[in-house]
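Here is a short tour of one protein model and the ligand it holds. Keep the sequence and the 3D view side by side as you read.

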Amino acid sequence: MELDWGLGEYEGTGEVLLPVSEVVVGMCEPLAGKRVVDLGSGTGNAALLAAERGAVVTGVDPAKRLVEVARKRAAERGLQAEFLVGDAGSIPVEDGAADLLLSVFAVIFAPDARAAIAEMTRVTAPDGVIRLTSWVPGGSMMAINQVAGKFMGEVFGGGPADPASPKPLAWHDEAALREAFAPHGFSVELERHSISLTAASPEEYLEKSAQHPMAVSSAQALAARPDGEALQADLTQRLLVAVRELNEDPAAFKVSNDYAVVTARR
Ligand SMILES: C[S@@+](CC[C@H](N)C(=O)[O-])C[C@H]1O[C@@H](n2cnc3c(N)ncnc32)[C@H](O)[C@@H]1O
């Protein structure tokens, strides 16, 4: 089942990831008058930055609660931006309606990557640009996520991949992206960047990240088990070991990860 990113409190993570939207939107200037679609807009980070720069913005996100949050943030700042409930498999926007299609750590979560790419290329104008970001494996942020993913796999059983499921896409891999975009007549370029995340201590980081939609969803699944409390305690302990080991700042807490900014155009 797909994760509802409206669960818990994505807002805190949204603030942490704002610098990525600043990088991406900065790469797209000038934006005045451009039609921008922010796919997987979350709390509206990239969408609102683009609106501030004079773009005509539509944010799209499957999480109804986050769409409401983004609308409220736009209203609070007096910005014109439309936010719609929708997802990458069927973007609620007409063909060719985006001069710029942005997706900051969002389309990478679509269950059918190739269907999402077909949709993104459909809504992008003939001279338009697609710019998305994806995590590069190997960093400490990804390593922490993998601890939780591995634990949930152990508890609920990963099982062999269903051959009928869409093939996953390595969204950080230039060759894989070129192959996926090529049938739509798009070429692809990649730029590598890095982001760090800080906290007062590993324990504070863990406490905050317990509100992340993925952590809340895992906690709900574990709580439904008869041994749920013990399982949750085990997961928390494993995460604590991992965040302490991966911490890059002995005086407080810091983890870093590379990400790719992918630009696709015809
Ligand atoms: C890590 S958040 C990023 C949000 C925002 N772009 C930001 O930078 O803060 C991932 C977002 O992708 C959205 N998302 C998940 N699956 C999606 C899909 N299939 N199509 C479009 N967006 C999706 C989630 O609802 C969530 O808002």
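A residue counts as buried when its relative accessible area is under 20%. Phe186 has a relative accessible area of 5%, so Phe186 is buried. Bear in mind that this is a predicted model.

**Phe186 and its surroundings**

Phe186 sits in the loop between α6 (174–181) and β6 (187–199). Follow the chain from there to Thr263, and the two residues are 77 residues apart in sequence. In space, their C-alpha atoms are 9.6 Å apart.

**Strand β1 and its partners**

Now turn to strand β1, residues 35–39. Why is β1 described as largely enclosed by the rest of the structure? Four of its five residues are buried, so the rest of the structure largely encloses this strand.

β1 pairs with two strands. One is β2, residues 56–61, which runs parallel to β1 and is joined to it by five bridges. The other is β4, residues 98–104, which is also parallel to β1 and is joined to it by three bridges.

Look at Asp38. Its bridge partner in β2 is Gly59. In β4, Asp38 stands opposite Leu102. Val36 stands opposite Leu100 in β4.

What lies between β1 and β2 in the β-α-β unit they form? The answer is helix α2, residues 45–52, and the unit made by β1, α2 and β2 is right-handed.

**Strand β4 and the way to β5**

β4 is mostly covered, with six of its seven residues buried. β4 also pairs with β5, in the parallel sense, over six bridges. Val104 of β4 stands opposite Thr133 in β5. To get from β4 to β5, the chain crosses through helix α4, residues 113–123. This β-α-β crossover is right-handed.

Strand β5 spans residues 124–135, and Thr124 is found in it. Is Thr124 buried or exposed? Its relative accessible area is 1%, so Thr124 is buried. Compare its position with that of Glu11. The two are 113 residues apart along the chain, and their C-alpha atoms are separated by 28 Å.

**Around the ligand**

Next comes the ligand. There are 19 residues around it, and Tyr10, Gly40, Asp61, Ala88 and Val104 come nearest. Val104 is the residue that stands opposite Thr133 in β5. By class, the shell has twelve nonpolar, four polar and three charged residues.

Three polar atom pairs between protein and ligand are set out below.

| Protein atom | Ligand atom | Distance |
|---|---|---|
| Gly40, polar backbone atom | nitrogen | 2.8 Å |
| Asn45, polar side-chain atom | oxygen | 3.3 Å |
| Asp61, polar side-chain atom | oxygen | 2.6 Å |

How much of the ligand's accessible area does the protein cover? On its own, the ligand has 590 Å² of accessible area, and the protein covers 98% of that.

**Ser256 and its contacts**

Ser256 lies in strand β7, residues 253–265. Its relative accessible area is 16%, so Ser256 is buried. Which side chains does the side chain of Ser256 contact? One is the side chain of Ser196, with a polar contact of 3.0 Å. Another is the side chain of Glu248, joined to that of Ser256 by a polar contact of 2.7 Å.

**Two unusual backbone spots**

Most residues other than glycine have a negative phi, and most peptide bonds are trans. With that in mind, look at two places in the chain.

The peptide bond that joins Glu29 and Pro30 is cis, with omega about 0°. Pro30 is in the loop between α1 (11–27) and β1.

Phe105 is not a glycine, yet it has a positive phi of about 45°. Phe105 belongs to the loop between β4 and α4. At 7% relative accessibility, Phe105 counts as buried.

**Putting it together**

β1 has parallel partners in β2 and in β4. β4 pairs in turn with β5. Trace these strands in the 3D view, then find the ligand, where Val104 is among the residues that come nearest.

Definitions and conventions. Residues numbered from 1 in each chain as written. Predicted model: local features only at pLDDT ≥ 70, side-chain atom pairs only at ≥ 80, totals over all residues. Heavy atoms only, no water. Buried < 20%, exposed > 50% of the residue type's maximum accessible area, 1.4 Å probe, protein only. Pairing = 2+ DSSP bridges. Right-handed = clockwise from strand over helix to strand, strands pointing away. Near = heavy atom within 4 Å. Polar contact = N/O pair within 3.5 Å; in protein donor to acceptor, adjacent residues only side chain to side chain. Areas by Shrake-Rupley, 256 points an atom, 1.4 Å probe, with all protein chains shown as cover. Nonpolar A, V, L, I, M, F, W, Y, C, P; charged D, E, K, R; others polar.
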